[in-house]
Amino acid sequence: MLDDVMHKKFIGLLGEQGFLTEADKMQPYLQEWRDLYQGRALAVARPNSTEMVAQTILLAKEYGLKIIPQGGNTGLVGGQVAESEQEHLILSLERMTKIREIDPISNIMIVDAGVILQNIQQAADKVDRFFPLSLASEGSCQIGGNLSTNAGGVNVLSYGNTRDLCLGLEVVLADGSIWDGLRCLKKDNTGYDLKHLFIGAEGTLGIITAAVLKLVAKPRRYETFFCALPSPDAALTLLNQCKEKFGASLTSFELISALGHELSIKHAGAKRMMTTSAPWFVLGELSLGTEAGDEADILSHLLEEALSDHFILDAVLAQSEQQRKEIWHLRESLSAAQKPEGGSIKNDISIPIALIPKFIEQAAVIVDSVVADARPVIFGHMGDGNLHYNISQPVAMDKQDYLLTWDSMTSAIDVLVIEMNGSISAEHGIGKMKKEKMRAIKSDVELELMQKIKQAIDPDHLFNPGKLLP
Ligand SMILES: Cc1cc2nc3c(=O)[nH]c(=O)nc-3n(C[C@H](O)[C@H](O)[C@H](O)COP(=O)(O)OP(=O)(O)OC[C@H]3O[C@@H](n4cnc5c(N)ncnc54)[C@H](O)[C@@H]3O)c2cc1C
């Protein structure tokens, strides 16, 4: 419980703007994007400096509180959700929004953890550089959250996950000490690379307060295409042809099922790119470093041949930046476009790329055996072997009844994923949602090692209790 003395101490440290206890002010931090969890917290702390984060941690410790780190609150596995009105203090990084340094010569940017991803992209653009991390939530997720979830997105194919885009970190630890690991070096083999412990740790080991990010050369041109295809096998053939021809210039290759395509048009105002109806669509993009070149011709030729060989059914090559945006809007609206269709059970999986067609075929049978007439809305980063295998409720079914089948549905899909040597969480993490499943997917040795790391770094389980570790 928050007593007067405690309240005064937090206000004294963080100011009125930095410590929220009123229900209406706390509500945005308690509401989760998918409406799967309703958060509960004692208060929300909003420090505006690393030192203030450290002081907040010490004060929380003094009163036996637990810290729930929160960035943009767009996480999809409940990692950012607080669960106790008695002892959970949400620590929001949203007031830590400084871009500390930007150096286009060294190709680095040093940022506070609370900077919104889109602002980082724009700051890079201003100095004629590119920060490649891109996700549909980029207008609200923060770099601290991206690092803590090791976010993926639509450019992983060529540029890697968030982990691959980070050179150094600043982290506040459970004893209030500050680890300054803001190194800007590409090469630094001086023992354990500690930043990798905190990246993807989902806020269970420390609070990321700043990061050194890698910038890359800004693409001068994009060639964006949208194709209709008869099958996932055909998409795989197209993917490999594109990879052979364009190598690392192929930065995105996204698969979209017919139902996802229709829902984006119906509910998110996406534009229909072609009249051809097809069971599958692909959005692909080349990012090119020169103003001019013959890639568009090579791509047109490749697509024409694919058309005459019948492994694609139709294709559109974006003719303007506006058309490129329309194509991307269709893809980026897919998550939101499922909401009006009622309950949706989500699987964020990855498998070896060659097995994707087989997975899709076998998963359809599984889905139907768990809930007849449930509707898979499949899309995702096919180039990374990562599918968002989401399943919308049958049209006539009650939403809550459908959502009660979440565990049986996801568990049945997980069995197939594990059989195929895949991952049950390709990008979104473990959080609250999947922590019990960890026992089935990790060996005892691996689980024990993870527990030992947690124990060594956060012995009092101050950070994000009940998340990630089973
Ligand atoms: C429409 C939509 C599309 C999405 N698309 C993708 C996608 O393509 N790829 C993908 O990977 N994800 C995607 N996501 C998921 C989500 O956006 C990412 O997980 C994102 O990285 C979370 O960032 P956030 O700032 O919102 O973090 P939050 O949701 O606030 O937190 C996420 C986790 O990180 C921890 N955390 C947050 N900040 C810190 C910090 N500074 N220090 C320590 N721990 C911290 C939290 O405790 C929590 O465990 C999508 C989400 C939405 C809503």
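A polar contact is a pair of N or O atoms within 3.5 Å. The exercises below use a predicted model.

**Exercise 1.** Which side chains form polar contacts with the side chain of Ser344? Work out where Ser344 sits, too.

*Solution.*
- Step 1. Place the residue. Ser344 belongs to strand 16, residues 344–345.
- Step 2. Check the Gln338 side chain. A polar contact of 3.3 Å links this side chain to that of Ser344. The value falls within the 3.5 Å cut-off.
- Step 3. Check the Lys346 side chain. Here the polar contact with the Ser344 side chain is 3.1 Å.

**Exercise 2.** Decide whether Ser344 is buried or exposed. Then list what Ser344 touches, leaving out residues up to four places away in sequence.

*Solution.*
- Step 1. Recall the cut-off: buried means under 20% relative accessible area.
- Step 2. Apply the cut-off. Ser344 has 10% relative accessibility, so this residue counts as buried.
- Step 3. List the neighbours. With residues up to four places away set aside, Ser344 touches Gln338, Asn390, Ile391, Ser392, Tyr402, Leu403 and Trp406.

**Exercise 3.** Explain why the salt bridge between Asp112 and Arg100 ties together separate parts of the chain.

*Solution.*
- Step 1. Start from the general idea. Side chains of opposite charge can pair when their charged atoms come close.
- Step 2. Take the distance. The closest N and O atoms of Asp112 and Arg100 are 2.8 Å apart.
- Step 3. Locate both ends. Asp112 is in strand 6 (residues 108–112) and Arg100 is in strand 5 (residues 99–103), so the bridge joins parts 12 residues apart in sequence.
- Step 4. Add the surroundings. Asp112 is buried at 3% relative accessible area, whereas Arg100 is partly exposed at 35%.

**Exercise 4.** Where in the chain do Glu321 and Arg324 lie? Where do Lys437 and Asp414 lie?

*Solution.*
- Step 1. Glu321 and Arg324 form a salt bridge, with closest N and O atoms 3.1 Å apart. Both are in helix 11 (residues 321–332), three residues apart, or about one turn of the helix.
- Step 2. Glu321 is partly exposed at 41% relative accessibility. Arg324 is buried at 15%.
- Step 3. Lys437 and Asp414 form a salt bridge at 2.7 Å, N to O. Lys437 is in the loop between helix 15 (406–419) and helix 16 (438–441), and Asp414 is in helix 15. The two are 23 residues apart, and the pair links distant parts of the chain.
- Step 4. Both Lys437 and Asp414 are buried.

**Exercise 5.** How many salt bridges does the structure hold? Name a network of them.

*Solution.*
- Step 1. The structure holds 27 salt bridges.
- Step 2. Asp125, Asp128, Lys218 and Arg220 are linked in a salt-bridge network.

Note on methods. Residues numbered from 1 in each chain as written. Predicted model: local features only at pLDDT ≥ 70, side-chain atom pairs only at ≥ 80, totals over all residues. Heavy atoms only, no water. Helix = DSSP H or I, 4+ residues; strand = E, 2+ residues; numbered from the N terminus. Buried < 20%, exposed > 50% of the residue type's maximum accessible area, 1.4 Å probe, protein only. Polar contact = N/O pair within 3.5 Å; in protein donor to acceptor, adjacent residues only side chain to side chain. Contact = heavy atoms within 4.5 Å. Salt bridge = Lys/Arg side-chain N within 4 Å of Asp/Glu carboxyl O.
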